[in-house]
Amino acid sequence: MKQLKSNSWLWACLLAACALVLASAHAADAPAPPAQIQAQAQKPGVTPAHNAEATWREVRAGTPGVTTVRGTETGVLVSPDGNTWRQIRHGPVTFYGSLLVILVIVAIALFHSRKGMLRLSEKPTGRTLVRFSNWERSVHWLVAISFVCLALTGGNMLLGKYVLMPVIGHTLFSWLAGMGKFIHNFLGVVFSVGAVLMLATFYKDNIWHPSDAEWIRKAGGLVSREHVPSRRFNFGEKIWFWLGVGLFGLVMIASGLSLLFPNLYETRHAMQTAEVIHSIAATLIFCMSLGHIYLGTIGVEGAYQSIRTGSVDETWAKEHHQLWYDEQVQKKLGKGA
Amino acid sequence: MARMKFLCDSERCIECNGCVTACKNENEVPWGVNRRRVVTLGDGLPGEKSVSVACMHCSDAPCMAVCPVDCFYHTDEGVVLHDKDMCIGCGYCFYACPFGAPQYPQSGAFGQRGKMDKCTFCAGGPEVDHSEEEFKKYGRNRLAEGKLPLCAEMCSTKALLGGDGDVVSDIFRDRALKRGKGGEMWGWGSAYGKPEPGTKKPEVKS
C-alpha cells in the first residue's frame, strides 16, 4: 500500500513536471485549461480529473473545451445562458411588455373618450405659416414609416405566435414572419440612417428653454386644456425627441445592428443580451410612439396637417406654440421692413 | 412507445470523430454545418475526457419554446424535429439551446442565417418518409427503416449510445457498476430534466 502510494506520488510529480513544461511551451498560443482540472492533475494520490465532480461543474459553467468543429462557441458543451434568456424573454419581457402596451392603449382610449379632440378655439385665419420644410418632413416620414413597419414586424416576432398564428395558421404565419424578418432587417438600416438625420435636423429646436419650466409645472395643459406658451417644440415633444428618438432610438440601433450580423464575432451571450435590450427598448419606444401618434392625429386638430403639408394656420400656431408664432411674426415684420 | 435518447459515455469516447463523419456522410448535411461534434475537456492533460454532442432531443425543448413561428414538434418517440419550410432563420433556437445544436448555413446578403439545420436523430422530417424532399432537407430517415442513428451505430468504442432511453440507461448503469466509476449521464439533466414524480423507474435487470 505504501509502495503504491509513493508510486503515485512519483507519477503525480512527473505529470506535474510534464504539464509545467508543456504549459510553459504553449503558454502563448494555447488557452489555459480549467483551473480545477489543473489542480486535480497535480493533486497526489487522486485519479486525475476523471469524471470528477469538478470537471462537470466546469462544463455546467460553460467553460469551453477543444473541438475540431469550427463555429461560434463549438467548444462549449453546455451553455447555461440560453435558459436564462428564455425565461427573461418569455417571462417579464412578454408579459409586462404586452401589459404595458395594453395599458397605454386603454389609457389613451379613455382619455380620448373623455376629452375628445383638442379643437381650435378661434376660427382659422386662412393665413398659413411654414412649420416644417420639405427636408424636415421627408426625414420625419422616413423615420415614421420605417418605424411603423419595424414595430409591426418586430412585435410579430415576439407576440405573433400568440396573437396572429392561432387566427391565420402555421403556414401563412411563418411566411408572413419570414417576410417580416426580411423587412425588419433591411428597414432597420433605413431607420438607423433616418434617426441620425432626424437628430441632426431637429436638435436645435429641442434644446431646453426657460419656458419649458412652466410647461412642466402645468403638465403641458394636457388635462386642463390650457395653452402653455412654447417655442417651436413644447417640452412634451422634446421628451419624445430626446428620450424616444435619442436614447431608445440609439439603443435600438446599436442592439439591432449587432443582431443583424450574427456571423461576425458574437457569442450567444452577446446576442441574448442584445435581444433582451432590443425588445425592452422596443416596448418603451412603442408605448411612447402611441402617445405621439395619438396627439399627432386624432388628439389635436391640425397637428396631422402640419406634418403632412408642412404649413399651419396662424390660429393653430398661436394656440399651440405662442412663442414660436411670435418669433415667426417678428421675422415676417423684419423682412417686410 | 420508446422515448429516444442519446448518451455519450465519457469513459469510452476516444475523440475519433467517427460519429461526426458518419453523420455528415449519412445525412449529406449542408456545407458548413456539423450536426454533431466531439468536445474534449482538459485536452492534453491527464484525465482528459471527450464527449460527443448533438441535439439531445430535450423533453422541455428550449428551441421549441422560443421559436417565433412554432416550427418544432416532438415525434411519438420524443424526437425533436422541425419544419424547414416554416423556419425563418431568426437564430432564437441557437440562442436558447444549451448544447449548441442548431446550425445555419449562410445565405443571402450580409451572411444572413439560412434555414436552421440540426440533428434529427436520423428521423427525417415532416415530409413523406423516404421521399427525396425529406432526404434533401433533413437527411436520412433511419428510424423509419427500423434502424438507429448512424453516429451511435458506428461508434467504434460504443461510447455513444442512441435509442430507447430505458435500454440506454440500463446498458450504461451496468457499465458504471462493473467499472465502479464514470456513472455521470452527461447532459441528461439539461435535456430530460428530473423524472416526474409518480412515473415508474425502469426496472434494473440483474
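Which members of the largest nonpolar core touch the most other members? I started my notes there, keeping in mind that this is a predicted model. The core holds 69 residues, and the ones I found touching the most other members are B:Cys8, B:Cys63, B:Cys67, B:Cys93, B:Ala96, B:Cys151 and B:Leu160. I then looked up which helix gives the most to this core, and it is α3 of chain B (residues 92-96), with five residues.

**Around B:Cys151**

I picked B:Cys151 for a closer look, setting aside its neighbours within four places in sequence. Its contacts include B:Leu160, another name from the core list above. The others I noted are B:Cys19, B:Ala22, B:Cys23, B:Arg36 and B:Gly162. I also came across a second, separate core, which has eight residues, among them A:Phe147, A:Leu150, A:Phe191 and A:Ala195.

**Chain A as a whole**

Next I turned to chain A, where I counted 13 helices and two strands. Of its 337 residues, 27% are buried. Taking contacts with a separation of 6 or more, I find that 66% join residues 24 or more positions apart.

**Helices α7 and α9**

I followed α7 (residues 170-202) and α9 (residues 235-260) of chain A to where their axes come within 10 Å, and they cross there at roughly 145°. The crossing of α7(A) and α9(A) is left-handed. On the α7(A) side, the contact is made by A:Asn185, A:Gly188, A:Ser192, A:Ala195, A:Met198, A:Leu199 and A:Phe202. From α9(A) I listed A:Phe241, A:Val245, A:Gly246, A:Gly249, A:Ile253, A:Gly256, A:Leu257 and A:Leu260. Sorted by class, this contact has nine nonpolar and six polar residues, with no charged ones. A:Ala195 turns up twice in my notes, in this contact and in the second core.

**Helix α10**

How far apart are the end C-alpha atoms of α10(A)? They are 44 Å apart, which agrees with the 46 Å that 32 residues should span at 1.5 Å a residue. Its buried residues include A:Arg268, A:Met271, A:Glu275, A:Ile285, A:Phe286 and A:Gly299. The buried residues of α10(A) pack against α4, α5 and α9 of chain A, and also against α3 of chain B.

**Where the chains meet**

Last, I checked the contact between the chains, which takes 51 residues from chain A and 46 from chain B. On the chain A side, α10 (268-299) and α7 are among the helices that each supply at least two residues, as are α1 (2-26) and α4 (81-115). By class, I noted 26 nonpolar, 18 polar and seven charged residues on that side.

Conventions. Residues numbered from 1 in each chain as written. Chains lettered and ligands numbered in written order. Predicted model: local features only at pLDDT ≥ 70, side-chain atom pairs only at ≥ 80, totals over all residues. Axes fitted to C-alpha atoms, helices over the stretch in contact; angles between N-to-C directions. Helix = DSSP H or I, 4+ residues; strand = E, 2+ residues; numbered from the N terminus. Left-handed = near helix turned anticlockwise from the far one by under 90°. Contact = placed C-beta atoms within 7 Å. Nonpolar A, V, L, I, M, F, W, Y, C, P; charged D, E, K, R; others polar. Core = buried A, V, L, I, M, F, W, Y, C linked by C-beta atoms within 7 Å. Buried ≥ 20, exposed ≤ 12 C-beta atoms within 10 Å, placed from the backbone. Expected span 1.5 Å × (residues − 1).
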